[in-house]
Amino acid sequence: MMSRHRHHRKVNTFALSVLFLAAWILVFIYGTRVLGRESLQDQHDALENALSWDITSCYALEGSYPPDLQYLEDHYGLTYDRDLFFVDYRPIASNIRPDFFIIDLQDGKGGSR
């Protein structure tokens, strides 16, 4: 028969193991979420840079700014994940740089240029 002291030691060891495992799971989940947010921000920044570059390239090559977002996709190869981002492209005139606003659909945050 097991002594009371030995039984408590096994219970304490088991409890510590469970707590240690739970702590590691929480750290893993938190780390995954942080990396996911950073990855989404990196994609947002890349899309913003691509839009700016394509808009500038279009004006430099053609002498006018692109009339719409579809024009950038068709003529300058702009691609992005529509499930992650919504781009509100606002042309003003062919000789005035358009405004655009990127909305991150995953968290509702956006930024404009």
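Two salt bridges are present in this structure, which is a predicted model. They serve as the starting points of the tour.

**Stop 1: the R82–E73 salt bridge**

Select R82 and E73 and display their side chains. The two side chains form a salt bridge, with an N to O distance of 2.6 Å. How exposed is each partner? R82 is partly exposed, because its relative accessible area is 48%, a value between the limits of 20% and 50%. E73 has a relative accessible area of 16% and is therefore buried.

Keep E73 selected and show its surroundings. E73 is located in helix α2. When neighbours within four places in sequence are set aside, the contacts of E73 are L78, Y80 and R82. R82 thus appears both in this contact list and in the salt bridge.

**Stop 2: the R90–D88 salt bridge**

Next, select R90 and D88. These residues form a salt bridge whose closest N and O atoms are 2.6 Å apart. R90 counts as exposed, because its relative accessibility is 51% and the limit for this class is over 50%.

Extend the selection to strand β1, residues 85–90. Which residues form the covered face of β1, and which the uncovered one? F85, V87 and Y89 lie on the covered face, whereas F86, D88 and R90 lie on the uncovered face. Both partners of the R90–D88 salt bridge therefore belong to the uncovered face of β1.

**Stop 3: from β1 to β2**

Add strand β2, residues 99–104, to the view. Strands β1 and β2 run antiparallel and are joined by six bridges. Start from F85 in β1: its bridge partner in β2 is D104.

Now centre on D104. Is D104 buried or exposed? With a relative accessibility of 4%, D104 counts as buried. The side chain of D104 also makes a polar contact, at 2.6 Å, with the side chain of H44. D104 can thus be viewed in two settings: as the bridge partner of F85 and as the polar-contact partner of H44.

**Stop 4: the nonpolar core**

Select L47, L51, L69 and L72. These are the residues with the most contacts inside the largest nonpolar core, which has 17 residues. Two or more residues of this core come from each of α1 (4–62), α2 (69–76), β1 and β2. Which element gives the largest share? That element is α1, with five residues.

Within this group, isolate L72 and display its contacts. Residues up to four places away in sequence being excluded, L72 touches L51, D54, I55, P66, G77, L78 and Y89. Among them is Y89, a residue of the covered face of β1. L78 is also in this list, and L78 is likewise in contact with E73, the residue visited at the opening stop.

**Stop 5: the aromatic pair**

The structure contains one aromatic pair. Select Y59 and Y65: their rings are stacked, with 4.2 Å from centre to centre and 20 degrees between the planes. Y59 is partly exposed, at a relative accessible area of 33%, whereas Y65 counts as buried, at 14% relative accessibility.

**Stop 6: the whole chain**

Finally, return to a cartoon of the full chain. The chain has two helices and three strands, and from the N terminus the elements follow the order α-α-β-β-β. Of the 113 residues, 24% are buried. Among contacts between residues at least 6 apart in sequence, 38% join residues at least 24 apart.

Terms used:
Residues are numbered from 1 along each chain as its sequence is written. This is a predicted model: local features need pLDDT of at least 70, side-chain atom pairs count only at pLDDT 80 or more; totals for chains, interfaces and linings use all residues. Side-chain values use heavy atoms; hydrogens and water are left out. Helices (H or I, at least four residues) and strands (E, at least two) are DSSP runs, numbered from the N terminus. Buried means under 20% relative accessible area, exposed over 50%, partly exposed in between (1.4 Å probe, protein chains only). A polar contact is a pair of N or O atoms within 3.5 Å; within protein, one must be able to donate a hydrogen and the other to accept it, and residues adjacent in sequence count only if both atoms are side-chain atoms. Two strands pair if DSSP finds at least two bridges between them. A salt bridge is a side-chain nitrogen of Lys or Arg within 4 Å of a carboxyl oxygen of Asp or Glu. Rings of Phe, Tyr and Trp (its six-membered ring) pair if their centres lie within 6.5 Å; planes under 30 degrees apart count as stacked, over 60 as edge-to-face and the rest as tilted. A nonpolar core is a set of buried Ala, Val, Leu, Ile, Met, Phe, Trp, Tyr and Cys residues joined through side-chain atoms within 4.5 Å. Contact means heavy atoms within 4.5 Å.
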